[in-house]
Every structure is written in structure tokens, then in C-alpha cells.
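Okay, thanks for coming, everyone. I have a model up today and I'd like to walk you through it piece by piece. Let me put it on the screen.

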Amino acid sequence: MNVGYYAMCIFCKIVDGEIPSRKAYEDDTILAFYDINPQAPVHILVIPKEHIESVDEINSSNSACVAHIFEVIPKIAASAGLSNGYRVISNCKDDACQTVRHLHFHILGGTRMSEKMV
Ligand code: AMP
Ligand code: ZN
């Protein structure tokens, strides 16, 4: 079982293969997979394998995986053909409508998006 597994968490279950996903990238510490309900032609989620609840819980002892996520995002975006740009979003808790309480970064692209962010 993955280190930091949280039994109630669907993204921990995806990391462990208990719930299937269409993977875009994987290494020892992070996983990227296609969103089940895409909101753009390309919609990929990037998560740390370790269960971190949200951006609010990033700290000096767990931030290495977050830095790694941002190093890998350009490679995932390039592999998905997003040569004209993309948007990276992380919803944090209630006001941002975070529905899955396992830190994730949405990569959205493949279309011209709205200038509005809220
Ligand atoms: P958020 O609202 O920022 O918490 O985003 C959670 C995202 O997870 C949503 O875009 C959902 O469509 C997506 N999602 C939920 N369950 C799954 C799943 N089993 N596989 C892929 N994406 C999922
Ligand atoms: Zn989790």
C-alpha cells in the first residue's frame, strides 16, 4: 500500500490501483491521470502519491513532491499536445469548491479559455 494512504480517499485508491484511471504520467512520487469529467478538450489531474489534503497542508516536510509536480507539468502538457499553452488550477477547500480532498492540480488546455478565473 502506498505511503500516506488514506482509506476514505478516492485519489489514494487510484494511486493504489483500486480505482482504475487513464494514466498520463507516473513515477515514484506523483501520478497524472485524465479527469473523468473533462472541462476542456484536455483535462489532466496531477497528484502526489502521498495523501496531502489541499494546498493548505503543503509545508516544508512535504513540499518536495509539489516542486516535482511543477517540474513535470510541462512534460505532461507537451505529451498531451498543449503547445499553445494551458491552465493549471488547484481548488483549495470550500470556497474554491474542492470536491476531492487529496491535493491535485488540474491541467486544462486544448481550447482558448476565458480570461475570467472565477
Ligand atoms: P476538484 O473539484 O478541484 O476537487 O476536482 C476533483 C476532480 O476530480 C473533478 O474534476 C472530478 O471530475 C475528478 N474526478 C473525480 N473522481 C475521479 C475519478 N475516479 N477519475 C478521474 N477523475 C475524477
Ligand atoms: Zn488521498
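Let's start at a strand pairing: V42 has G109 as its bridge partner in β5. When I say helix or strand, I mean DSSP runs, H or I of at least four residues for helices and E of at least two for strands, numbered from the N terminus. Before I go on, some housekeeping. This is a predicted model, where local features need pLDDT of at least 70 and side-chain atom pairs count only at pLDDT 80 or more, while totals for chains, interfaces and linings use all residues. Residues are numbered from 1 along each chain as its sequence is written, chains are lettered from A and ligands numbered from 1 in the order in which they are written, and side-chain values use heavy atoms, with hydrogens and water left out.

Back to β5, then. V42 belongs to β3, residues 42-48, and β3 and β5 run antiparallel, joined by 5 bridges. Strands count as paired if DSSP finds at least two bridges between them. There's a second antiparallel neighbour, β4, with 4 bridges to β5. On that side, R87 has L108 as its bridge partner in β5.

So is β5 covered or not? Mostly covered: 5 of its 5 residues are buried. Buried is under 20% relative accessible area, exposed is over 50%, and partly exposed is in between, using a 1.4 Å probe and protein chains only. Both faces are covered, with F105, I107 and G109 buried on one side and H106 and L108 buried on the other.

Now the aromatics. How many aromatic pairs does a search of the whole structure find? It finds 2. F11 and F33 make an edge-to-face pair, 5.3 Å centre to centre with 80° between the planes. The rule here is that rings of Phe, Tyr and Trp (its six-membered ring) pair if their centres lie within 6.5 Å, and planes under 30 degrees apart are stacked, over 60 edge-to-face, and the rest tilted. That pair links distant parts of the chain, 22 residues apart: F11 is in helix α1 (residues 10-15) and F33 in strand β2 (residues 30-34). Both F11 and F33 are buried.

The other pair is F70 with F105. Their ring centres are 5.0 Å apart and the planes are at 80°, so this one is edge-to-face. F70 is in helix α2 (residues 63-79) and F105 in strand β5 (residues 105-109), so the pair ties together parts that are 35 residues apart in sequence. The burial is uneven, if you look at the two rings: F70 is partly exposed at 41% relative accessibility, whereas F105 is buried at 5%.

While we're on α2, have a look at I69, which is found in that helix. I69 is buried, with a relative accessible area of 0%. I69 and T29 are 40 residues apart in sequence but 9.0 Å apart in space, C-alpha to C-alpha.

One more ring contact. The charged end of R22 sits over the ring of Y34, 3.8 Å from its centre. For that label, NZ of Lys or CZ of Arg has to be within 6 Å of the ring centre and within 35 degrees of the ring normal.

On to the pockets. How much space lies in the largest pocket? About 760 Å³. It has 31 lining residues, and D35, Q39, H43, L45 and H106 are the closest to its centre. α1, β2, β3, β4 (86-89) and β5 each give at least two residues to that lining. By class, it has 17 nonpolar, 11 polar and 3 charged residues.

The second largest pocket has a volume of about 150 Å³. Among its lining residues are L82, Y86, G109 and R112, so to speak of old friends, G109 is the bridge partner of V42. By class, this lining has 3 nonpolar, 5 polar and 1 charged residues. Ala, Val, Leu, Ile, Met, Phe, Trp, Tyr, Cys and Pro count as nonpolar, Asp, Glu, Lys and Arg as charged, and the others, Gly among them, as polar. A pocket, on a 1 Å grid over the protein atoms alone, is an open set of points where a 1.4 Å probe fits, with protein on both sides within 12 Å along at least five of seven lines, and lining residues have an atom within 4 Å of a point. Points are joined across faces, edges and corners, and the volume is the space filled by probe spheres set on them.

Last stop, the loop between β4 and β5, where K93 lies. Phi of K93 is near 65°, a positive value in a residue other than glycine, and K93 is partly exposed at 22% relative accessibility. C97 is in the loop between β4 and β5 too. C97 has a positive phi of about 60° although it is not a glycine, and at 57% it counts as exposed.

That's my tour, thanks.
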